[in-house]
Amino acid sequence: MLVSGVTLVAAAKLAGAGGSGVAAWLVWRSMPDQVFRRKLMYLFRFGNLYYKINGYKGRELRSYPIIKRVSSYLDRTEAAFVLPVGMDPTRITENEWLFRQVFGAGAELSMSEDAKTFVLSVYSTSVAPFEYDAAEVDEYTPGLNLPIYVGRSRSGDMVYDMVEHPHLLIAGETGSGKSVALRSVLTTLIRRVPGLELYCADMKRSEFHLFRGIAQEVVMDAAGLHRIVLKLRREMRERGDLLDRYEVAHVNDLPIWDRPPYIVLAVDEVALLKKKADIMEGIEEIATIGRALGVFLILSMQRPDADVLDGKLKNNLTVRMAFRHADEINSRITIGTAEAAAIKQSEKGRLVLKLDGCRYVQGPHLELTAAREMLEPYRKVEPTASEAQAPREPAEEQDEYVEVGLL
Ligand SMILES: Nc1ncnc2c1ncn2[C@@H]1O[C@H](COP(=O)(O)OP(=O)(O)OP(=O)(O)O)[C@@H](O)[C@H]1O
């Protein structure tokens, strides 16, 4: 509900009818929407967010965004501002972090289609934790090839298509909510994508047993993952040939009778594979060329490791879900800003979603037993042969073993 703005006239009344103009001015200045305006102007000035015009005798003239309105609602204050003609809107979107520095974690920006008008919303409350609700999630997924339901932001539920925004990195310190997020993301994919081919590699041996009998393969060690990576590289070559034959650039453009299913490879705790050059090379290849071939990655890691996430791989993981990070340096490695370090330890399931800018989102809570129940109809009777043979030792103990394959 909109709470009407307070005007200068009302301020004068507040200062006392017939009271001094100075008092009225002081009251007016301290009103919430005026404070908001001043903070926004301050941000434009100190953040150098203006359009530079060369004036008379080479003097620099600054044209700042114009604040069109400030409105107070029950849960938020909103300001609309318009950029001066000629100002690059990415100056604003790339500095979204600055808005959060000045207005706090509740600040969110949205841009209108004309790329000129922005709305800054500053919310006073954060989204409360909530349970994964299959019926609700399903309302958001029609029309999406590989729907990734991330959770709720203050401005609504966040869901995107992995085919449009390929490859996902999930990072965060221990106990911050990564496993629950992986569980809910994969549960949505299994429920909503008929024919999906899912491969799960669980380097921590903690979570992916849930997907046994559903995924094509669930492996718990580096050797198993190496085998999968070899298989996917072969598959990608074949899919590349198929695209060539039909002279198209994406599997979605193939005729329906020759269109291969989407493949998702999920790897939990990918940082444990740092020294496995063969595997990392294969993962990088999927990240680089997988998109057009319908092969996608979901990688999770506790501490964002700059070595693992060097150049090629990081640039191709276009979407990041950053749960609480231990410090600003780690947060910057994952999302380029310090915001994931501002999430409190008590805020389980809270994350910064980096996708066309950053925003805070609350991920859905999904208990293991609830997920198991939801996934039961998708379970084939027996685990696959390779799962049944999976060795029992944890990944770290097999550090020396990686078969070098012909890739
Ligand atoms: N979205 C959520 N909403 C509410 N609580 C959550 C949410 N996600 C996680 N939690 C709580 O936090 C606990 C830890 O979550 P989770 O196991 O996913 O952490 P993690 O980051 O995977 O930790 P680790 O790296 O040690 O495996 C869960 O047992 C659950 O109680």
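1. Residue classes come first. Ala, Val, Leu, Ile, Met, Phe, Trp, Tyr, Cys and Pro count as nonpolar; Asp, Glu, Lys and Arg count as charged; the others, Gly among them, count as polar. By that scheme, the shell around the ligand holds two nonpolar, 10 polar and four charged residues.

2. On the basis of this note: the model is predicted, so local features need pLDDT of at least 70 and side-chain atom pairs count only at pLDDT 80 or more, while totals for chains, interfaces and linings use all residues. Residues are numbered from 1 along each chain as its sequence is written, and side-chain values use heavy atoms, with hydrogens and water left out.

3. The ligand site. The ligand is surrounded by 16 residues (one heavy atom within 4 Å puts a residue near a molecule or strand). The closest are Thr174, Gly175, Lys178, Ser179 and Gly363. Helix α7 (residues 178-192) gives the largest share of the shell, three residues. Helices (H or I, at least four residues) and strands (E, at least two) are DSSP runs, numbered from the N terminus.

4. Polar contacts to the ligand. A polar contact is a pair of N or O atoms within 3.5 Å; within protein, one must be able to donate a hydrogen and the other to accept it, and residues adjacent in sequence count only if both atoms are side-chain atoms. A ligand oxygen atom lies 2.5 Å from a side-chain N or O atom of Thr174. For the side chain of Lys178, the distance from an N or O atom to a ligand oxygen atom is 2.7 Å. Gly177 takes part through a polar backbone atom, 3.0 Å from an oxygen atom of the ligand. On its own, the ligand has 630 Å² of accessible area, and the protein covers 72% of this. Accessible areas come from the Shrake-Rupley method with a 1.4 Å probe; for residues, only the protein chains shown count as cover.

5. The chain as a whole. The protein chain has 13 helices and 17 strands. Of its 407 residues, 48% are buried. Buried means under 20% relative accessible area, exposed over 50%, partly exposed in between (1.4 Å probe, protein chains only). The chain exposes about 19600 Å², with carbon and sulfur atoms supplying 53% of it. Among contacts (heavy atoms within 4.5 Å) with a separation of 6 or more, 65% are between residues 24 or more positions apart.

6. Strand β5 (residues 76-82). Five of its seven residues are buried. Two strands pair if DSSP finds at least two bridges between them. β5 runs antiparallel to β4 (residues 66-73), with six bridges, and antiparallel to β7 (residues 117-123), with seven bridges. Val82 of β5 stands opposite Ile66. The bridge partner of Val82 in β7 is Thr117.

7. A hairpin. β8 (residues 147-153) and β9 (residues 156-161) run antiparallel, joined by six bridges. Two residues lie between them in this hairpin. Tyr149 has Val159 in β9 as its bridge partner.

8. Helix α5 (residues 96-103). Six of its eight residues are buried, so α5 is largely enclosed by the rest of the structure. The buried residues are Glu96, Leu98, Phe99, Arg100, Val102 and Phe103. Gly104 follows α5 and has a positive phi, near 95°.

9. Arg372. This residue sits in helix α12 (residues 368-375). Arg372 is partly exposed, at 32% relative accessible area. Not counting residues up to four places away in sequence, Arg372 touches His209, Leu210 and Arg379. Its C-alpha atom is 8.6 Å from that of Phe211, 161 residues apart along the chain.
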